[in-house]
Amino acid sequence: MSSILIVAISPIDRSLLDPLVEPLTRAFGPRVEVSRSQTLEGSFAFNVSRNQYGSTPLISALLDRFDDFDGRILGVTSGDLFVPVLTYVFGEAQLDGKVAVVSSHRLNDELYGLGADRKLLHLRLLKESVHELGHTFGLLHCNDYLCVMHSSTGVEEIDMKTERLCPECRGKLVSNTAG
Amino acid sequence: MANNHKALQPSILVVDDELSVRDSLSKWFKEDGYRVGTAENANRALSLMNEGPWDVMLLDIKMPGMDGLELQKRLKEIDKDALIIIITAFAAVDTAVQALKEGAFDYITKPVDPDHLTHLVQNAFRAKKLTDENWRLRQQMSELSGADEIVGESPQMQKVIDLARTVAQTDTTVMIRGESGTGKELVARTIHANSSRKYFPIITVNCGAVPETLLESELFGHEKGAFTGAQYRRKGKFEMADGGTVFLDEIGTISQKMQVQLLRVLETKQFTRVGGNEMISSDFRIICATNRDLEAAIADRSFREDLYYRLNVFTIFIPPLRERRVDIPPLVNHFVKKYAASMSKPTIDIDPEAMDLLIRNRWPGNVRELENVIERAMVLAKPPVIRPEDLPFQMSQIQEQNSPQNDLLTSWEKIHIEKVLQKMGWNITRSAEALGIDRVTLYSKISKYGLKRP
Ligand SMILES: [Zn+2]
Ligand SMILES: [Zn+2]
């Protein structure tokens, strides 16, 4: 299976990145790394009137920047992401493609009037990372509410699912990456 | 989903002159498993009707050339069952209302809340009576992961399993009673897993563990701005359980105010989020559990009688472990296997003397305490066997507990708790964990037996 490079997109709380490496390795295979040298400056994708970052231009920029890289790119930002037609997205991926981006912004319990929960934040970010990377490996949404590929439009739904692929999605992942 | 299922695959046509809208909606729906078509104008949409039928069509109301209203008319002429959702900007809501009058299913304003979009599309498909199809797809889902089985060979536990399976076929509210640690949640999960709701979630709320001030928001959700710091909306457990089951553990601990609210929700299956007006409907089944004497609680007016009758429709009582000792050996084997796997240890046998101790012990913390003891023994034991010295109690204690004199149950429990407390240096959290009971129960037992820190 191809390698995965985790790339910080500013604004970013960098301490969120390293904890992703080990579980992503378990999910997708042997080579997952955080890029130490590269950070994508996200400000070009900032939309002043929406006070959010466009996820699609971020994907394009990563695609350009890592043209030579033979593997998946996971961009991680602490900024709030959107696509023009939706009020927000937790992340976006190229279906069967190379690049995925995820945001930790709305995964933070403090923004829901609850106490900060660092562990939960890490876990939610992991689930969304596995989910979006799953899309880059051609996986679609899954009906199994425990499967990480189950669609989530709220943090409550992220909390309900596990960080794992159900046997069926795992099977698809294996066959999609075999050829 | 494979393309050869084209005819079966639910489909959506997106008509919008803005490329970014077409792209993002198309991707959004593709990830959801729909077959998606896109058109940048009315003419293209009309020609795509040859690739239909499209189950749901999203039309931008304002496009150069033919606008959405006119297009809606033309599409309906071609496919009278066309289910149309209008996409509009806030400014054009009047036109959207006109579209509704002319038969549109609903409209959305850009930018749309993803959660709203998901529900709207689901409702549209439901309206198209495609639920059977969705159901079929769900049936194809692989085995649900993570379901632990009830282990128990005793006639009492066989009866519990029978009752759980029987009541699972109905939508009846179930109350599970039994001492702490007897496995009430496992029984609730068994009921859910054997019910027609099994492909929807079972949502557990431990009413005793959520602070009173948060329980309302936990159950019903809250709107943005409902209280300080609530920047975003949050859905509650009842909403999340739509289609599935809500398991309310420690139901005996909820406040009078929550009892009133709960009663109302159980009667109407409707509620509002904290700080909101929108009436939310949710289709859930209730299973609740308690180790409290609810009848006594009604007598002293700390638990509402009307709520009690609403919840206590079908009761399953799980007997304490000491009343069904034949279940101990299979449980021990089950836990040994479980922890051998999770600790990556070779299979470990149980020395007969150790098993004898396990069978004779009184287990005030029931199955959970037994599990904790096995887990600990698995850490201590030197393969290939668990020996008596790997267990946290000795025969002398057990003989004491089995002496026919005095109130042996109480005296034994007192001794046992005291021993554990001493061992844990009176660390309440760790002692409660070792005993398999919660901290509140441990505190009440400490005061009941007048135990004092040395
Ligand atoms: Zn997705
Ligand atoms: Zn899955």
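The exercises below work through selected sites of a predicted model, each with a solution in steps.

**Exercise 1. Determine which residues coordinate the zinc ion (ligand 1), and where two of them, A:His131 and A:His141, lie in chain A.**

Step 1. The donor atoms are the NE2 atoms of A:His131, A:His135 and A:His141, which coordinate the zinc ion (ligand 1) at 2.0 to 2.1 Å.

Step 2. Read along the chain, these donors follow the spacing H-x3-H-x5-H. The pair A:His131 and A:His141 links distant parts of the chain, ten residues apart, with A:His131 placed in helix H3 (residues 118–136) of chain A and A:His141 in the loop between H3 and helix H4 (155–160) of chain A.

Step 3. For the environment of A:His131, the relative accessible area is 4%, and since buried means under 20%, A:His131 is classed as buried.

**Exercise 2. Describe the site of the zinc ion (ligand 2): which atoms coordinate the ion, what is the geometry, and which parts of the chain does the pair A:Cys147 and A:Cys166 tie together?**

Step 1. Coordination comes from the SG atoms of A:Cys142, A:Cys147, A:Cys166 and A:Cys169, at 2.3 to 2.4 Å from the zinc ion (ligand 2).

Step 2. The angles among the four donor atoms run from 106 to 113°; because four donors count as tetrahedral if all angles lie between 85 and 135 degrees, the site of the zinc ion (ligand 2) is tetrahedral.

Step 3. The spacing of the donors along the chain is C-x4-C-x18-C-x2-C. Within this pattern A:Cys147 lies in the loop between H3 and H4 of chain A, while A:Cys166 lies in the loop between H4 and helix H5 (167–178) of chain A, so the pair ties together parts that are 19 residues apart in sequence.

Step 4. As to accessibility, A:Cys147 counts as buried at 1%, and A:Cys166 is buried as well, with a relative accessible area of 5%.

**Exercise 3. B:Arg285 is buried; work out what is the nearest side chain of opposite charge, and which backbone oxygens the side chain of B:Arg285 approaches.**

Step 1. B:Arg285 belongs to strand E13 (residues 285–290) of chain B.

Step 2. The nearest side chain of opposite charge is that of B:Asp171, 4.6 Å away; because a salt bridge requires a side-chain nitrogen of Lys or Arg within 4 Å of a carboxyl oxygen of Asp or Glu, the buried B:Arg285 has no salt bridge.

Step 3. Turning to backbone partners, the side chain of B:Arg285 reaches the backbone oxygen of B:Val167 at 2.8 Å, and a polar atom of that side chain lies 2.9 Å from the backbone oxygen of B:Thr172.

Step 4. Beyond neighbours within four places in sequence, B:Arg285 is in contact with a set of residues including B:Val167, B:Asp171, B:Thr172, B:Ile191, B:Arg197 and B:Gly244.

**Exercise 4. Characterise B:Arg177 by its element, its accessibility and its surroundings.**

Step 1. B:Arg177 is located in strand E6 (residues 174–178) of chain B, and at 13% relative accessibility this residue counts as buried.

Step 2. A polar atom of the side chain of B:Arg177 lies 3.2 Å from the backbone oxygen of B:Arg292.

Step 3. Not counting residues up to four places away in sequence, B:Arg177 touches, among others, B:Lys184, B:Arg292, B:Asp293, B:Glu295, B:Tyr308 and B:Phe317.

**Exercise 5. Locate A:Leu17 in chain A and state which residues A:Leu17 is in contact with.**

Step 1. A:Leu17 sits in the loop between strand E1 (3–10) and helix H1 (18–28) of chain A, where a relative accessibility of 1% makes A:Leu17 count as buried.

Step 2. Once neighbours within four places in sequence are set aside, the contacts of A:Leu17 are A:Ile6, A:Ala8, A:Ile12, A:Val34 and A:Val76.

Step 3. Although A:Leu17 and A:Leu125 are 108 residues apart along the chain, 9.4 Å separates their C-alpha atoms.

**Exercise 6. Find where the listed backbone exceptions in peptide bonds and phi angles occur.**

Step 1. Most residues other than glycine have a negative phi, and most peptide bonds are trans.

Step 2. The peptide bond from A:Ser10 to A:Pro11 is cis, with omega near 0°, and A:Pro11 lies in the loop between E1 and H1 of chain A. In chain B, the bond from B:Lys110 to B:Pro111 is cis, with omega near -10°, and B:Pro111 is found in the loop between strand E5 (106–109) and helix H5 (114–127).

Step 3. B:Lys269, not a glycine, has a positive phi of about 55°; this residue lies in the loop between helix H11 (256–268) and strand E11 (270–272) of chain B and is partly exposed, with a relative accessible area of 29%.

Step 4. B:Trp426 has a positive phi near 60° in the loop between helix H18 (408–423) and helix H19 (428–435) of chain B, and is buried at a relative accessible area of 10%.

How values were computed. Residues numbered from 1 in each chain as written. Chains lettered and ligands numbered in written order. Predicted model: local features only at pLDDT ≥ 70, side-chain atom pairs only at ≥ 80, totals over all residues. Heavy atoms only, no water. Donors = N, O, S within 2.8 Å, 3.2 Å for Na, K, Ca; no water. Helix = DSSP H or I, 4+ residues; strand = E, 2+ residues; numbered from the N terminus. Buried < 20%, exposed > 50% of the residue type's maximum accessible area, 1.4 Å probe, protein only. Tetrahedral: all angles 85-135°; square planar, octahedral: opposite > 155°, others 65-115°. Lys, Arg positive; Asp, Glu negative; His and termini not counted. Polar contact = N/O pair within 3.5 Å; in protein donor to acceptor, adjacent residues only side chain to side chain. Contact = heavy atoms within 4.5 Å.
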